[in-house]
Amino acid sequence: MNCNKAMKEISEYLDGELDKALQLTLETHLTYCNHCHAVYNTTKKTIELYCDGKLFALPDDVRSRLHEALRRKLQSCCSEETKK
Amino acid sequence: MAELHQATLARDESLLVNDAKAGNYAAFEELVNRYEKKIYRLGMNITGNREDAEDVLQEAFLKAFEHLPDFREDSRFYTWIVRIAVNEALMKLRKRRTSREVSMDDTDDENREVVVREFADWKPNPEQQYARGELETILQNAVNSLSPGFRTVFYLRDVEGLSTEETAEVMDLSVGAVKARLFRARLKLREELSKVFKRGSNS
């Protein structure tokens with residue numbers, strides 16, 4: 001397996017979707033190719049960084065405004081119902 | 001065990017949806033409480049700024065409330081609200097189309113070969129080396145380098161953990177297109193982050 005081919009398979013490998021034979025070939029390549037190993041490692045890390053639940057936390061004031069907007073909507077719906 | 005938990009949540013969710021449809025506002029609010037954090041994060045990831053993320057959050061739940069009677073429950077409530085929010089977020093970006101920030105042309109990116117230029121490993125634990133706000137800006141800038149369709153696929157698959165099939169459904173794409181976009185999005189983000197996190201960089 002050359003590096004170009006390895007790059008193409010890294011994404012599906014991360015999802016555990018490669019068939020067994022291809023997976024073994026890729027894993028062998030990763031043990032001796034530092035470049036591809038670094039790309040594999042850092043792609044995995046990229047996903048982990050974005051999955052950090054603490055990032056882009058919902059601020060309290062944004063949450064309050066959402067619930068206020070929903071209650072206003074509810075009230076306007078109720079008053080329309082009453083008019084009918 | 002995890003599957004059992006999922007099944008319980010799904011049953012529980014469908015009871016809440018039924019109650020909400022019957023006019024029980026507390027049940028609808030419970031659904032909002034469950035997903036508001038995720039929908040805000042979706043808005044942040046796709047639009048790249050707080051004001052738009054707040055608009056996406058409000059519009060998505062207001063629309064869900066309004067159209068709840070039309071929700072036929074052939075998918076999970078969560079997939080439904082994600083779909084509404086994704087549409088809202090992409091609409092926001094379309095409005096900004098003429099501005100410098102956003103190219104809507106996904107097919108361009110789809111056909112372009114991904115060129116890997118950064119082969120260096122990263123300094124360990126970048127998340128511990130930056131303040132949270134600083135890290136958010138770094139991650140956000142990298143996401144902004146992707147066209148909207150790509151960042152949305154990345155967000156749905158890798159951050160939200162939707163399956164390839166669910167992502168395809170939300171985005172109206174084929175399974176193959178989702179996989180191709182995900183592959184390119186991951187490598188492009190990695191490339192952008194490498195510029196900041198690689199060993200030997202100054203920052």
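**Exercise 1. Burial and overall make-up of chain B**

Of the 203 residues of chain B, what percentage count as buried?

*Solution.* The model is a predicted one, in which local features need pLDDT of at least 70 and side-chain atom pairs count only at pLDDT 80 or more, while totals for chains, interfaces and linings use all residues. Residues are numbered from 1 along each chain as its sequence is written, and chains are lettered from A and ligands numbered from 1 in the order in which they are written.

Begin with the criterion: a residue is buried if 20 or more other C-beta atoms lie within 10 Å of its own, exposed if 12 or fewer, and partly exposed in between, with C-beta atoms placed from the backbone. By this count, 35% of the 203 residues of chain B are buried.

Next, take the secondary structure, where helices (H or I, at least four residues) and strands (E, at least two) are DSSP runs numbered from the N terminus. Chain B has 10 helices and 0 strands.

Finally, consider contacts, two residues being in contact if their C-beta atoms, placed from the backbone, lie within 7 Å. Among the contacts of chain B between residues at least 6 apart in sequence, 69% join residues at least 24 apart.

**Exercise 2. The two domains of chain B**

Identify the domains of chain B and describe the side of domain 1 that touches domain 2.

*Solution.* Chain B is divided into domain 1 (2–95) and domain 2 (106–197), with bounds that come from an automatic or database domain assignment. To their contact, domain 1 of chain B and domain 2 of chain B bring 11 residues each. On the domain 1 side, helix H2 (25–47) and helix H4 (77–95) of chain B each supply at least two residues, and H4(B) gives the most, with 6 residues.

For the classes, Ala, Val, Leu, Ile, Met, Phe, Trp, Tyr, Cys and Pro count as nonpolar, Asp, Glu, Lys and Arg as charged, and the others, Gly among them, as polar. The side of domain 1 of chain B that touches domain 2 of chain B then has 6 nonpolar, 3 polar and 2 charged residues.

**Exercise 3. A helix crossing**

Describe how H2(B) and helix H8 (residues 148–159) of chain B cross, and name the residues in contact.

*Solution.* The axes, which are lines fitted to C-alpha atoms, for helices over the stretch in contact, with angles that run from 0 to 180 degrees between N-to-C directions, come within 9 Å for H2(B) and H8(B) and cross at roughly 145 degrees. From H2(B), the contact takes Leu42(B), Asn45(B) and Ile46(B), and from H8(B) it takes Pro148(B), Arg151(B), Thr152(B), Tyr155(B) and Val159(B). Sorted by class, this contact has 5 nonpolar, 2 polar and 1 charged residues.

**Exercise 4. The nonpolar cores**

Locate the largest nonpolar core and state which elements supply it.

*Solution.* A nonpolar core is a set of buried Ala, Val, Leu, Ile, Met, Phe, Trp, Tyr and Cys residues joined through C-beta atoms within 7 Å. The largest has 47 residues, and those with the most contacts inside it are Ile39(B), Leu57(B), Ala60(B), Ile81(B), Ala85(B) and Phe154(B). H2, H3, H4, H7, H8 and H10 of chain B each supply at least two of its residues, with H2(B) giving the most, 9 residues. This core draws at least three residues from each of domain 1 and domain 2 of chain B.

Apart from this core lies another, of 8 residues, including Ala6(A), Ile10(A), Leu26(A) and Leu30(A).

**Exercise 5. The contact between the chains**

How many residues of chain B are in contact with chain A, and which helix of chain B gives the most?

*Solution.* 32 residues of chain B are in contact with 26 residues of chain A. The elements that give two or more residues to the chain B side are H2, helix H3 (50–67), helix H7 (132–144), H8 and helix H10 (175–197) of chain B, and H10(B) gives the most, with 8 residues. By class, this side has 19 nonpolar, 2 polar and 11 charged residues.

**Exercise 6. A charged residue in chain A**

Is Glu9(A) buried or exposed?

*Solution.* Glu9(A) lies in helix H1 (residues 3–14) of chain A, and Glu9(A) counts as buried because 20 other C-beta atoms lie within 10 Å. Leaving aside neighbours within four places in sequence, Glu9(A) is in contact with Leu18(A), Leu22(A) and Leu26(A). Glu9(A) and Leu26(A) are 17 residues apart in sequence and 7.7 Å apart in space, C-alpha to C-alpha.
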